[in-house]
Amino acid sequence: MVWNRRHILSLADFTTDEYDAVLQTAASFQEVLNRRMKKVPTLQGQVVANLFFEASTRTRNSFELAAKRLSADTLNFAPGTSSLTKGETILDTAKTYLAMGTDMMVIRHQQAGVPMAIAQEMDRLGAKVSVLNAGDGQHEHPSQALLDLFTICTVLEPKSPHLELLAGKKIAIVGDILHSRVARSNIWSLTAIGAELHLAGPPTLLPLLFAECGNGRPGKLFLHWEVTPALQDADFVMTLRLQKERMGQNLLPSLREYHQLFGITRDRLKLCKPDVKILHPGPVNRGVEISSDLMDDPQLSLISQQVTSGVAVRMALLYLMGGGKVNP
């Protein structure tokens, strides 16, 4: 296939061909990252600007490393030391980076819709700049869901990760669904490829409106306000961080009670398939969403592998957006 998508803002309208293209390209770059020389000249001469208006460790550094592995020049934005503190608008900041010759902008913001607004402004100006949403408010986090998809497929078939591996697999996402952009993007990706997706969380963090996300999708979507049915015979379990910084009211009695009712422990994993694996997008509240011993268990936890996969997947996204062909 030919990659025609300039911006990556949401996975809601991603096609199976596009998911396949990301998986194939990421697998190629995973091989590159396993070499002694981990750098390729693919994006030499292009400029990638990481505009992170919100704090980040994994995503920001992963995108920076991905760009450098592709030999692109990088510009990193820090809001606390930028002209935003002097009253400059976000769009004017983006246009400043455009004037510096930026080819791709990777944008994270605490408000939903900011990456889209910047992409629309770039299009209005006729600039051939690609915009990638690295997480916007409670909206979406496309690259995280894509690296989750790649991680799961790689576990199922290390040498040839592909979408068909997930057809019919039961995947449980447990936790703060309401505030999670990661959950939203994973809902779009996993239901698009035919997985059986089970969401579980307290009623205050899993409103009924999420059931509508499964309408007209190849996969099946189920909601649970108890964790047991979601975990029963699950192949993969993704647990989500309680996003206390986004909670405007007391949605939980206590963290201790949350862990008792929804925390992922060894005892609870006995409900799942014997070879179940655990994912978490990070950062993790140890002892709240998941017990510390599970997080550090290499036989069960894919958390470190997710971070590693993130570099290959983000290399793939930058490569495809930068005009590369599938299977570099």
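**A friendly walk through the model**

1. A good place to start is Gln306, which touches Gln144, Leu147, Asp148, Thr151, Leu279, His280 and Pro281, once residues up to four places away in sequence are set aside. Do keep in mind as you look around that this is a predicted model. Gln306 itself belongs to helix α11, which runs over residues 303–321.

2. Is Gln306 buried or exposed? Its relative accessible area is 3%, and buried means under 20%, so Gln306 counts as buried. Two of its neighbours deserve a second look. With Asp148, the link is a polar contact between the two side chains, at 2.8 Å. With His280, the backbone takes part: the backbone nitrogen of His280 is 2.9 Å from a polar atom in the side chain of Gln306.

3. Next, please turn to helix α4, residues 114–124. Its buried residues are Val114, Pro115, Ile118, Ala119, Glu121 and Met122. Why do these residues line one face of the helix? Looking down the axis of α4, you will find them within an arc of 160°, so they line one face. Gln120 and Arg124, on the other side of α4, are exposed.

4. What covers that buried face of α4? The cover includes helix α3 (90–99) together with the strands β3 (104–109) and β4 (130–136). Just past the helix, you can also pick out Gly126, which follows α4 and has a positive phi, near 75°.

5. Staying with α4, have a look at Asp123, another residue of this helix. Asp123 has a relative accessibility of 40% and therefore counts as partly exposed. Which residues does Asp123 contact, leaving aside neighbours within four places in sequence? They are Arg6 and His7. The side chains of Asp123 and His7 are joined by a polar contact of 3.0 Å.

6. Helix α8, residues 255–262, can be read in a similar way. Tyr258, His259 and Phe262 are buried there. These three cover an arc of only 100° around the axis, which puts them on the same side of α8. Among the elements that cover them are the strands β5 (170–174) and β6 (196–200), as well as the helices α7 (227–231) and α9 (266–269).

7. Now for a loop. Gly137 sits in the stretch between β4 and α5 (142–156). With a relative accessibility of 2%, Gly137 counts as buried. If you would like a distance to try in your viewer, take Gly137 and Ser291: they are 154 residues apart along the chain, and their C-alpha atoms are separated by 27 Å.

8. Finally, the largest pocket is worth a visit. Its volume is about 380 Å³. How many residues line the largest pocket, and which lie nearest its centre? The lining has 20 residues, and those nearest the centre are Arg108, Arg181, Arg241, Gly282 and Pro283. Helices α2 (58–69) and α6 (181–192) each contribute at least two residues to the lining. By residue type, the lining divides into seven charged, eight polar and five nonpolar residues.

Notes. Residues numbered from 1 in each chain as written. Predicted model: local features only at pLDDT ≥ 70, side-chain atom pairs only at ≥ 80, totals over all residues. Heavy atoms only, no water. Helix = DSSP H or I, 4+ residues; strand = E, 2+ residues; numbered from the N terminus. Buried < 20%, exposed > 50% of the residue type's maximum accessible area, 1.4 Å probe, protein only. Polar contact = N/O pair within 3.5 Å; in protein donor to acceptor, adjacent residues only side chain to side chain. Contact = heavy atoms within 4.5 Å. Arc of directions from axis to C-beta. 1 Å grid on protein atoms, 1.4 Å probe; cavity = no way out; pocket = protein on both sides within 12 Å on 5 of 7 lines; lining within 4 Å. Points joined across faces, edges and corners; volume = space filled by probe spheres on them. Nonpolar A, V, L, I, M, F, W, Y, C, P; charged D, E, K, R; others polar.
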